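Reader: I would like to learn how the words used for a protein model follow from its values. Could you take me through one?

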Amino acid sequence: MQMKDNILVAIFAAVILTMPIWAGAVGAGYPDLLQKFAIFGLFAIGFNILFGFTGYLSFGHAAFLGVGSYTAMWSFKLLSMNALPAVILATLLSGIFAAAIGFVALRRSGIYFSILTLAFAQMCYNLAYSVLTPVTMGETGLTLAADDPRIFGGAGVEAGGALPSPDFFGLSLSGYNGFYFAAIILVIGFYISVRLYRSSFGLMLLAVKSNQNRMNYTGLNTKPYLLSAFVISGMYAGLAGALMVVIDPLAGAERMQWTASGEVVLMTILGGVGTLLGPFIGAVTIKYFENIFSAFNDAVLNQIFDFLPDFIQVIWVPFASLFVGKGWHLTLGVLFMLVVIFLPGGAMEGFRLLKEKLFKKNEDAAETAKAGGTE
Amino acid sequence: MSAILTVEGVNKNFSGLKALDDVNLSVEKGSVHAIIGPNGAGKSTFLNCLVGRLIPDTGTVLYYGKKPEGETLFGLPPHAINQKGISRVFQTPEVFEDLSIFENAMIPVMAHHDGSYKFNSWGGVVSRGEIVDNAEQILEDVGLIEKRNVHSGSLSRGDKRRLELAMCLAQDPELLLLDEPTAGMARADTNNTIDLLKKIGEERNITKVIIEHDMHVVFSLATRVSVLARGHVIAEGAPEEMKGDPRVQEAYLGGAHL
Ligand SMILES: Nc1ncnc2c1ncn2[C@@H]1O[C@H](COP(=O)(O)OP(=O)(O)OP(=O)(O)O)[C@@H](O)[C@H]1O
Ligand SMILES: [Mg+2]
């Protein structure tokens, strides 16, 4: 079992780290997009530790994304431009936030739990725009400034000089370097989630999902297990939030909006709730199609559908444009509905069915061959 | 012999329906105490009041587990009651349906070993040698070891109940509460379960409270029988005495089973 898991992680690492080489072939060879794959993949893998393992659906994980981003920004402003303290502090602080929010929200289960997490996240979002503006800079967003203290070096940017950018002990983290930084953290995050899944603790989380009543009558208090899972997944989210500002040092409150919380739910479900790889696949799928569809506009559509007769083109293009550009969420909605209706286990279930089918076909073929042989 | 459980004056109403009406009962340590009675008599409700699932309106329950002085269990959450050494098999089997039989068996063994909560997040489950051995042993005991990798959700009701029983035994309880442990089982399985419970009785000193409709099971196992009807204990005594008791016959309306 352990061996199989290690192989899985090794293959995962190999695929991720070689992305800059092969992703170009599928039209995804830009550092920004690959960074998004890594960051949202990490977010979804962490989210799955709560939603997939325990069955508790949080609608407020974007709050931790925001906490992570702001913490990392302040680390850049006050400490240094090194990304390492930024991601560590962001992970810890979002863990503390998750402990507080989880402690209250986990008093309920099911839909009430989801609503409580949603309420907390919206509260964080609103606070970031109001009371907490000294920390978050409200609508402007938190950015680097020339007069940031940065007590461990990097302070004292000359007036008019370029602002510093995040680094890793001197190594610049722009472009592909930023991707590799995020990708290595993603691989570590994936490895941790695999180990968690196979551990005694992971089994307890699955047991919580399966039957809390039996848990209780087996002498197990489910609350601490749930809270641990909540905190761990909150820390993953905070880490992902920190990586966002490592790559682009700007933190805004819109990152905490409920749509962002909803997106990670979609990613997890699209890929396959409770599977190890599914959430990552879901995140990549969504970010990949977002990249393609949101780049379209009416001009591009007109060009594509130029072959149609004019009167059809006049009707068709405005209709199609509903689904692209800013309207790409409509496409996502349709995709989501199709998956939930026809493939409730997400992409991973699709792979499994495919494998079964292929495998069965081979078996059938072998059988007929055998039968033919004996005749 | 001393009592492990003393129940005094327990009442429980469900919006006007008197499910338990002044129940008094004493369970001796080491005994097998059967509670029989017609459907709706309040037998399951009685168990629910013992394990913290329901809180009685009035009355006391004193439990003498490892400690000599009795302690009341009211107000404790179910997991705390379980930790005191009380395990329960439910009328509708409660197992982890999404997990394999082996995993089902691992959980109570781990709970027994690690306590109510332990953050064991790194070592793989299967690397826990002694715990795996224990889990396999209990599956062996109930004859489910061959099916260890089967999803427990796909088991028959009888198998689920055997699994549940195994899970309860894995915790080495002081007091085992069984709500119709053989319902839904074929005759052969019922006899296996009786043998298993007998064997456990000989090996370990577990006190058992058994709710059962099957008189064959009751008279094979019980050392004492209480008859519950309309929430009230109407008779109590040794099994042989109960067999011919007219009150018991009447409670069962025609006494089909007796
Ligand atoms: N949670 C509840 N709410 C309302 N009424 C209940 C509840 N639980 C049980 N009752 C009622 O209390 C009475 C006793 O039920 P209980 O389940 O204890 O009976 P029982 O002796 O276990 O019967 P059976 O042999 O059918 O299992 C029944 O009339 C039942 O409908
Ligand atoms: Mg009952």
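Author: What follows is a short exchange about chain B and the magnesium ion. This is a predicted model, in which local features need pLDDT of at least 70, side-chain atom pairs count only at pLDDT 80 or more, and totals for chains, interfaces and linings use all residues. Residues are numbered from 1 along each chain as its sequence is written, chains are lettered from A and ligands numbered from 1 in the order in which they are written, and side-chain values use heavy atoms, without hydrogens and water.

Reader: What makes B:Ser44 and B:Gln91 donors of the magnesium ion (ligand 2)?

Author: Donors are N, O and S atoms within 2.8 Å of the metal (3.2 Å for Na, K and Ca), and as water is not among the atoms, sites may look incomplete. OG of B:Ser44 and OE1 of B:Gln91 lie 1.9 to 2.1 Å from the ion, so they count as its protein donors. B:Ser44 sits in helix α1 (residues 43-51) and B:Gln91 in the loop between β6 (86-89) and α3 (101-114), 47 residues apart in chain B.

Reader: Why is B:Gln91 called partly exposed?

Author: Buried means under 20% relative accessible area and exposed over 50%, with partly exposed in between (1.4 Å probe, protein chains only); B:Gln91 has 31%, so it is partly exposed. Buried residues make up 55% of the 258 in chain B.

Reader: How do you know that chain B is as compact as a globular protein of its length?

Author: The globule rule is 2.2 Å times the number of residues to the power 0.38, and the radius of gyration is taken over C-alpha atoms. For 258 residues the rule gives 18 Å, and chain B has a radius of gyration of 18 Å, so the description fits. The C-alpha trace spans about 60 × 40 × 40 Å along its principal axes.

Notes. Helices (H or I, at least four residues) and strands (E, at least two) are DSSP runs, numbered from the N terminus.
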